Amino acid sequence: MHSKKYLIANWKMNGLKGDLNQISIIDNFIKKKNNLSGLQCIFCLPYTILAIALTNRKLKNIKFGAQDISNQLSDFGPFTGQISSKMLQDLKCKFTIVGHSEKRSNGDNDADISQKIQTASKNHIKVILCVGEGLNDFKSKKSFIKVKRQLNLSLKKNKKFLKNIIIAYEPIWSIGTGIIPNNKYLNNFFYKIKKYLKDEFKTKATVIYGGSVSSNNIDQLKNINLCDGFLIGGASLKSKNFIDIMKKYYS
Ligand code: PEP
């Protein structure tokens, strides 16, 4: 496997300072392996430990990102509880997730997400943009209509930043449930996303899959030809699980 592949971990609201040793173990594993060429491994952590990880000079093989940023276009201001992209840039943080379904279900709309992409990109932070449909849309075969709308509304004002955006297709019904779509469905879905972005936005998009990825299903999922990597929640919290995924992905 030679082209660039992404394994992106989303720790959500998990992790204390002591848990960063899981990341040290993974960093060491990557250092010792010589067949992981093209792998970009990114851990998206809670802000509390993100700042610590970013200043740990020993962690050379892993990049770090946030799980969200403020939608405010200004760098500073009276926005209690929010973290701006300028603050992330100050930490030399290079990535952030935007539009995760757990944030969308908590109030983020497509206009917020569009602004988050704008402010992140302005401060040279790459965006992992999550899109995905709920179970009802999936059952009524409206998945792509839903995802196309999310992509359009998030990206239409951000055309000049498209090269800085990784798209993560995460069917909401798959997140944390252990249920994954079959490969035929996913291959077709990735084809549609990439074609849509090429036709409408003239961009060759990087698209990854997220939803219940684990060492039990990576052998299946790695055969999705158009998939550029994975966004991994639960199975990224323990080094053993994450390393098992890496080993199988590259075997
Ligand atoms: C996620 O929420 O981004 C995710 C991929 O979670 P999980 O792997 O736990 O389904």
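Helix 7 (residues 143–155) lies across two strands, strand 5 (126–131) and strand 6 (165–169). Relative to strand 5, helix 7 runs at about 150°. The model is predicted.

Those two strands belong to a barrel. Eight strands close into it, in the order 1-2-3-4-5-6-7-8, and the pairing is parallel. From one strand to the next, the twist averages 25°. In general, strands of a sheet pair through backbone hydrogen bonds, either parallel or antiparallel.

Where does strand 1 meet strand 8? Strand 1 covers residues 5–10 and strand 8 covers residues 229–232. Four bridges join them, and the two strands run parallel. Y6 has G229 as its bridge partner in strand 8. A9 stands opposite I232 of strand 8. Strand 8 is also joined to strand 7 (residues 206–210), by two bridges, and this pair runs parallel too. There, Y209 stands opposite F230.

Now look at the side chains of strand 8. G229 and L231 point one way, while F230 and I232 point the other way. In a regular strand the side chains alternate between the two faces of the sheet. Are the residues of strand 8 buried or exposed? G229, F230, L231 and I232 are all buried.

F230 deserves a stop. Its relative accessible area is 1%, under the 20% cut-off, so F230 counts as buried. Leaving aside neighbours within four places in sequence, F230 is in contact with Y6, L7 and I8. Its contacts also include I208, Y209, V213, I218, L221, K222 and Y249.

One of those contacts is an aromatic pair. The rings of F230 and Y249 are edge-to-face, 5.4 Å centre to centre, with 70° between the planes. This pair links distant parts of the chain: F230 sits in strand 8, Y249 in helix 10 (residues 239–249), and the two are 19 residues apart. Y249 has a relative accessible area of 3%, so this partner is buried as well.

Step back to the nonpolar interior. In soluble globular proteins, nonpolar side chains tend to be buried together. Here the largest nonpolar core has 64 residues. Which of its members touch the most others? They are F43, L45, L129, L151, L155, Y209 and F230. Helix 8 (residues 183–201) gives the most to this core, with seven residues. A second, separate core has twelve residues, including F95, I97, A168 and I208.

Aromatic rings recur across the model. A search of the whole structure finds twelve aromatic pairs. Take Y196 and F201. Their ring centres are 6.0 Å apart and their planes stand at 75°, so the pair is edge-to-face. Both Y196 and F201 are buried. These two residues also belong to one aromatic cluster. The other members of that cluster are F138, F144, Y169, W173, Y185, F189 and F190.

Next, helix 2 (residues 47–54). Its buried residues are I49, L50 and A53. Why do they line one face of the helix? Seen down the axis of helix 2, the buried residues fall within an arc of 115°, so they share a face. What does that face pack against? The buried residues of helix 2 pack against helix 1, strand 3 (63–66) and helix 3 (85–90).

Helix 1 (residues 20–32) holds S24. The relative accessibility of S24 is 27%, so S24 counts as partly exposed. S24 and K60 are 36 residues apart in sequence. In space, their C-alpha atoms are 9.6 Å apart.

Two lysines in loops finish the tour. K92 lies in the loop between helix 3 and strand 4 (95–98). Its phi is near 65°, a positive value in a residue other than glycine. At 62% relative accessibility, over the 50% cut-off, K92 counts as exposed. K141 lies in the loop between helix 6 (135–139) and helix 7. Phi of K141 is near 60°, again positive in a residue other than glycine. K141 has 74% relative accessibility, so K141 counts as exposed. From K141 the chain runs on to helix 7, which lies across strand 5 and strand 6.

Notes:
Residues numbered from 1 in each chain as written. Predicted model: local features only at pLDDT ≥ 70, side-chain atom pairs only at ≥ 80, totals over all residues. Heavy atoms only, no water. Core = buried A, V, L, I, M, F, W, Y, C linked by side-chain atoms within 4.5 Å. Buried < 20%, exposed > 50% of the residue type's maximum accessible area, 1.4 Å probe, protein only. Contact = heavy atoms within 4.5 Å. Pairing = 2+ DSSP bridges. Axes fitted to C-alpha atoms, helices over the stretch in contact; angles between N-to-C directions. Phe/Tyr/Trp six-rings, centres within 6.5 Å; stacked < 30°, edge-to-face > 60°. Arc of directions from axis to C-beta.
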